[in-house]
Each structure stands twice: as C-alpha cells, then as structure tokens.
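Thanks for making the time. I will go through one structure today, starting from the inside and working outwards.

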Amino acid sequence: MLSISTCSIYKEICDCGLDEIKCNKIKNGMEIEFLDRLISNKSTLYKFISIENQNFSIIPAKTFLNLNVKVLYLDNNNINEINKNSFESIKSLKILRLVGNLIHNLEFLIFLSSLTELNLASNRI
C-alpha cells in the first residue's frame with residue numbers, strides 16, 4: 001500500500017489511491033526522473049501504475065529495477081524504444097499495456113515471464 005508520504009511526493013503530477021498511482025501531468029522531459037523517484041521506493045507494492053499520454057520515447061535499461069507492481073499502463077507515450085533489460089527485475093507484473101506507442105521491437109518481453117496479459121495494440125509491430 002502507498003503511504004501518505006509516498007503519495008505526497010507525486011501529488012502535483014499524479015492521483016494516488018491506496019495502492020495505485022495514475023500520472024498524466026508529468027512535465028515534458030521529466031518522465032525518466034519521475035520513474036527513478038517512483039522506483040526508489042522499492043518496499044511499496046503497487047497494484048496499479050498508470051503513466052499515460054506523456055511524451056517519452058525511450059525506456060532505458062533497468063528503468064523498472066526492483067519495481068513491485070502488478071499492473072502497469074504506459075499507453076500513448078510515443079515510446080519507440082524499450083531496452084531489453086528495462087523490465088528485467090519485475091517479478092510481480094501480471095498486466096502490461098503499451099497501447100498507442102511506436103514500438104517495433106519486442107526483445108524486452110524476454111524477462112516478462114509472469115505476464116498474464118499484454119496489450120500492444122496500435123504499435124508498429
């Protein structure tokens with residue numbers, strides 16, 4: 001569950017619930033810094049994280065290192081490159097949505113053996 005102090009870190013750019021974060025107000029160019037801050041809180045189990053309608057094109061290696069999340073939505077972000085090691089250590093991820101991006105390579109899926117649902121609609125695959 002999210003603690004009040006964890007949620008307060010993101011209150012200007014996200015809406016927080018008990019165990020979810022929905023972000024669609026991240027300032028342009030701050031997306032990766034935001035992800036770093038989110039992931040630095042490794043002890044928190046997030047049921048749902050949504051980072052949608054932003055404008056970041058690359059997800060670097062180990063971006064989600066040790067993130068503990070079950071559902072991750074990254075829709076409509078203009079993502080065209082996902083490093084194959086971006087999701088390397090996410091063991092709890094069950095649902096991943098990457099709808100409406102520019103993805104053309106699926107190498108990043110190699111580490112996502114726990115997925116039960118994957119949505120890549122409206123990409124360049």
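Let me begin with the largest nonpolar core, which has 25 residues. Keep in mind throughout that this is a predicted model. Which members of that core touch the most other members? They are Leu-74, Phe-87, Leu-96, Leu-98 and Phe-108. Three strands each supply at least two residues of this core: S2, residues 20-23, S3, residues 46-51, and S5, residues 69-73. The largest share comes from S3, with three residues.

Take Leu-98 as an example from that group. Not counting residues up to four places away in sequence, Leu-98 touches Leu-74, Asp-75, Ile-79, Ile-82 and Ile-103, among others. Its list also includes Phe-108, Asn-119, Leu-120, Ala-121 and Asn-123. Two of these, Leu-74 and Phe-108, were named a moment ago among the core residues that touch the most other members. I will come back to Asn-123.

Now the overall layout. The protein has two helices and eight strands. Read from the N terminus, the order of elements is α-β-β-α-β-β-β-β-β-β. Of the 125 residues, 42% are buried. The accessible surface is about 6,700 Å², and carbon and sulfur atoms account for 49% of that. As for contacts between residues at least 6 apart in sequence, 39% of them join residues at least 24 apart.

Next, the sheet. Strands of a sheet pair through backbone hydrogen bonds, and the pairing can be parallel or antiparallel. Here six strands form an open sheet with mixed pairing, in the order S1-S2-S3-S5-S7-S8. Which strands stand at the edges? They are S1 and S8, the latter being residues 117-119. Each has a single partner strand, so one side of each is left without a neighbour in the sheet. On average, neighbouring strands of the sheet are turned by 10° against each other, direction ignored.

I will walk across part of that sheet, starting at S1. S1, residues 14-16, pairs with S2 in the antiparallel sense over three bridges. The two form a hairpin, with three residues between them. Within this pair, Cys-14 has Cys-23 of S2 as its bridge partner, and Cys-16 stands opposite Ile-21 of S2.

On its other pairing, S2 runs parallel to S3, over four bridges. Here Glu-20 stands opposite Phe-48 of S3, and Cys-23 stands opposite Ile-51 of S3. So Cys-23 appears in both pairings, as the partner of Cys-14 and opposite Ile-51.

How do the side chains along S2 point? They alternate: Ile-21 and Cys-23 point to one face and are buried, while Glu-20 and Lys-22 point to the other face and are not buried.

S3 is a different matter to describe. Five of its six residues are buried, so S3 is largely enclosed by the rest of the structure. S3 also pairs with S5, in the parallel sense, over four bridges. In that pairing Tyr-46 stands opposite Val-69 of S5.

Two polar residues to finish. Asn-123, which I promised to return to, sits in the segment after S8. Is Asn-123 buried or exposed? Its relative accessibility is 16%, so Asn-123 counts as buried, the cut-off being under 20%. A polar atom of its side chain lies 3.3 Å from the backbone nitrogen of Asn-101. The Asn-123 side chain also reaches the backbone oxygen of Leu-120, at 2.9 Å. Leaving aside neighbours within four places in sequence, Asn-123 is in contact with Leu-98, Val-99, Gly-100, Asn-101, Leu-102 and Ile-103.

The other residue is Ser-89, in the loop between S6, residues 81-82, and S7, residues 95-97. Ser-89 has a relative accessibility of 18% and therefore counts as buried. With neighbours within four places in sequence left aside, Ser-89 is in contact with Phe-64, Leu-65 and Asn-66.

That is what I have for today.

Note on methods. Residues are numbered from 1 along each chain as its sequence is written. This is a predicted model: local features need pLDDT of at least 70, side-chain atom pairs count only at pLDDT 80 or more; totals for chains, interfaces and linings use all residues. Side-chain values use heavy atoms; hydrogens and water are left out. A nonpolar core is a set of buried Ala, Val, Leu, Ile, Met, Phe, Trp, Tyr and Cys residues joined through side-chain atoms within 4.5 Å. Buried means under 20% relative accessible area, exposed over 50%, partly exposed in between (1.4 Å probe, protein chains only). Contact means heavy atoms within 4.5 Å. Two strands pair if DSSP finds at least two bridges between them. Axes are lines fitted to C-alpha atoms, for helices over the stretch in contact, and angles run from 0 to 180 degrees between N-to-C directions. Accessible areas come from the Shrake-Rupley method with a 1.4 Å probe; for residues, only the protein chains shown count as cover. A polar contact is a pair of N or O atoms within 3.5 Å; within protein, one must be able to donate a hydrogen and the other to accept it, and residues adjacent in sequence count only if both atoms are side-chain atoms.
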